[in-house]
Amino acid sequence: MKLRKFMLLLILPLLLLTGCKGNDLEKISRDLNTYSMNITYNDDHSLDVTQEVQYTNRTGDSLESIKFHLYPRNFRKDSKCSVVSSLNYDKCYYNGVSFGDLVVSEVSVNEENTEIVLGGNDQDILEVPVNNLGNNQSVTIDITYHVDIPNISHRFGYGEDTINLGNFYPIACVYEDGDFRIDSYHYNGDPFYSEVANYNVSITAPSNLVLASSGNVTSTNTSEDSTTYSINASAIRDFAFVLSDKFNVVSDTVGNTRVSYYYYKNQYPNESLKASMDALSTFNRIFGEYPYDTLNVVETNFVHGGMEYPNMVMISDDVDVQSDYVNVIVHEIAHQWWYGLVGNNEYDYGWLDEGLTEYSTLLFYEENPSYNINTSELIKNTTNSFVTFVDVYTKVFGSADTTMNRALNEYNNESEYVYIAYVKGMLLFNSIDEILGRDKFLTCLQHYFDTHKFKVATPSSMIESFEQSCNSELNAVFESWINGKVKIIAVA
């Protein structure tokens with residue numbers, strides 16, 4: 001399971017990286033787009049931002065325009081999109097309905113002002129003309145905009161305790177098959193799809209607010225009642241931050257990574273920090289090394305259990321049983337590998353990261369028996385839960401669609417999405433694990449990670465990676481699960 005009118009802060013992309021480790025990061029960052037943002041948080045729950053995007057066309061085609069997602073516009077009053085399901089509506093809007101927005105005031109291309117063009121399915125795409133930008137040619141795009149943050153318990157919104165800034169800025173759409181993907185926000189799952197980039201960010205906020213963010217804070221400067229944080233992040237899939245005047249922080253290290261736990265309600269901060277460190281250490285060992293110097297685990301006001309962002313995960317303060325809280329921590333940290341480093345189109349293939357992340361959580365418990373989780377019982381309960389879902393769904397609707405390669409807007413409701421992406425996804429990977437045996441299965445995961453990190457995976461490329469790694473024919477097995485043909489029976 002998720003801007004003030006200042007001169008743009010111009011920071012050149014880092015070739016020798018701050019806030020990361022490893023030659024992989026250093027090499028990959030040299031060929032990435034760079035976002036430089038100067039952000040001011042205002043007391044009225046808004047942001048003023050000036051943003052520069054240094055964009056290189058690596059699509060293989062000439063581009064007449066570059067398109068950017070404007071996700072906050074889907075939170076506005078007249079949006080066509082529902083950002084929460086009817087099931088969670090009252091819980092999210094606990095103070096009554098509230099709206100947000102992102103309003104662009106100026107766009108320039110190579111320092112020349114251009115018209116502001118909005119499009120997409122919900123006026124949620126910014127289209128910037130670039131006049132036949134050839135392959136491997138670069139352009140500098142400046143965007144000035146204002147963001148209103150809604151009062152909603154969500155990944156983007158403010159609550160009683162935290163201000164959550166996920167997916168708050170214009171981010172370049174992914175170009176594939178001759179066009180940009182411009183899918184709108186959806187209440188199901190995580191409706192995001194992006195490529196890794198470098199980030200240079202300045203955030204100014206009232207000094208009473210503590211910041212947790214993606215990336216590495218390289219300096220702070222306090223003046224009167226405000227503090228400015230300078231942050232660098234290289235080769236991450238997107239950028240997010242959280243502000244709160246209630247945060248306490250405990251920290252420790254795993255190897256060269258500083259792990260920090262931000263909390264205000266949780267009664268077991270040391271246990272939560274330990275779980276975070278154990279998860280990072282375990283996944284480093286069984287998947288491949290986490291290449292960044294920071295990992296922030298942040299308690300927030302959030303309707304769902306948790307939400308993953310690069311170098312930072314949100315954990316909902318509504319999870320009030322510590323064992324469940326730990327489970328969310330482990331799940332969200334596993335996402336640092338499956339979504340963060342190995343990317344995928346979460347809109348079309350939600351199971352690809354969610355199912356593998358759920359199964360990675362089971363692997364964590366098997367590697368860490370001190371957490372006292374019976375993984376055989378976990379698989380049994382998961383299997384029976386899925387069988388019950390299919391039975392009930394069939395009785396109510398006449399049939400149950402159990403195919404897995406469906407876009408978020410193709411699910412009938414949130415429950416159907418959860419059972420397919422999370423529950424069935426977990427069972428799929430358990431099946432592959434049982435067929436191959438644990439040693440071969442982990443070898444496949446390590447190969448998948450090594451060949452796809454910093455890239456975008458698809459179901460077919462993952463299957464191909466597994467087959468190459470174990471020298472076995474697995475396509476038919478995967479396809480039987482993905483196409484809904486596999487028969488799942490209850491376990492006594």
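Trainee: What space lies in the second largest cavity?

Mentor: The second largest cavity holds about 40 Å³ of space. Please bear in mind that this is a predicted model.

Trainee: Which residues line the second largest cavity, and how many of them are nonpolar, polar and charged?

Mentor: A lining is read first by name and then by class. Here the lining consists of His69, Tyr71, Arg181, Asp183, Pro191, Phe192, Tyr193, Asn345 and Tyr347. By class, 5 are nonpolar, 2 are polar and 2 are charged. Tyrosine counts as nonpolar in this scheme, so Tyr71, Tyr193 and Tyr347 of this lining belong to that class.

Trainee: What space lies in the largest cavity, and which residues line it?

Mentor: The largest cavity contains about 60 Å³. Its lining is formed by Tyr71, Asn167, Tyr169, Ile171, Phe192, Tyr193, Ser194 and Asp238. These comprise 5 nonpolar, 2 polar and 1 charged residues. Tyr71, Phe192 and Tyr193 appear in this lining and also in that of the second largest cavity.

Trainee: How should a sheet be read, and what is the strand order in the open sheet of 4 strands?

Mentor: One follows the order of the strands, then their edges and their pairing. In this open sheet the order is β9-β10-β18-β15, and the pairing is antiparallel. Strands β9 (156–158) and β15 (210–213) form the edges, each pairing on one side only. From one strand to the next, the twist averages 15 degrees.

Trainee: How many bridges join β10 to β18, and which residue is the partner of Asn164?

Mentor: Strand β10 (residues 163–165) is joined to the antiparallel strand β18 (residues 241–244) by 3 bridges. Asn164 has Val242 of β18 as its bridge partner.

Notes. Residues are numbered from 1 along each chain as its sequence is written. This is a predicted model: local features need pLDDT of at least 70, side-chain atom pairs count only at pLDDT 80 or more; totals for chains, interfaces and linings use all residues. Side-chain values use heavy atoms; hydrogens and water are left out. On a 1 Å grid over the protein atoms alone, a cavity is a set of points where a 1.4 Å probe fits but cannot get out, and a pocket is an open set with protein on both sides within 12 Å along at least five of seven lines; lining residues have an atom within 4 Å of a point. Grid points are joined across faces, edges and corners, and a volume is the space filled by probe spheres set on the points. Two strands pair if DSSP finds at least two bridges between them. Helices (H or I, at least four residues) and strands (E, at least two) are DSSP runs, numbered from the N terminus. Axes are lines fitted to C-alpha atoms, for helices over the stretch in contact, and angles run from 0 to 180 degrees between N-to-C directions.
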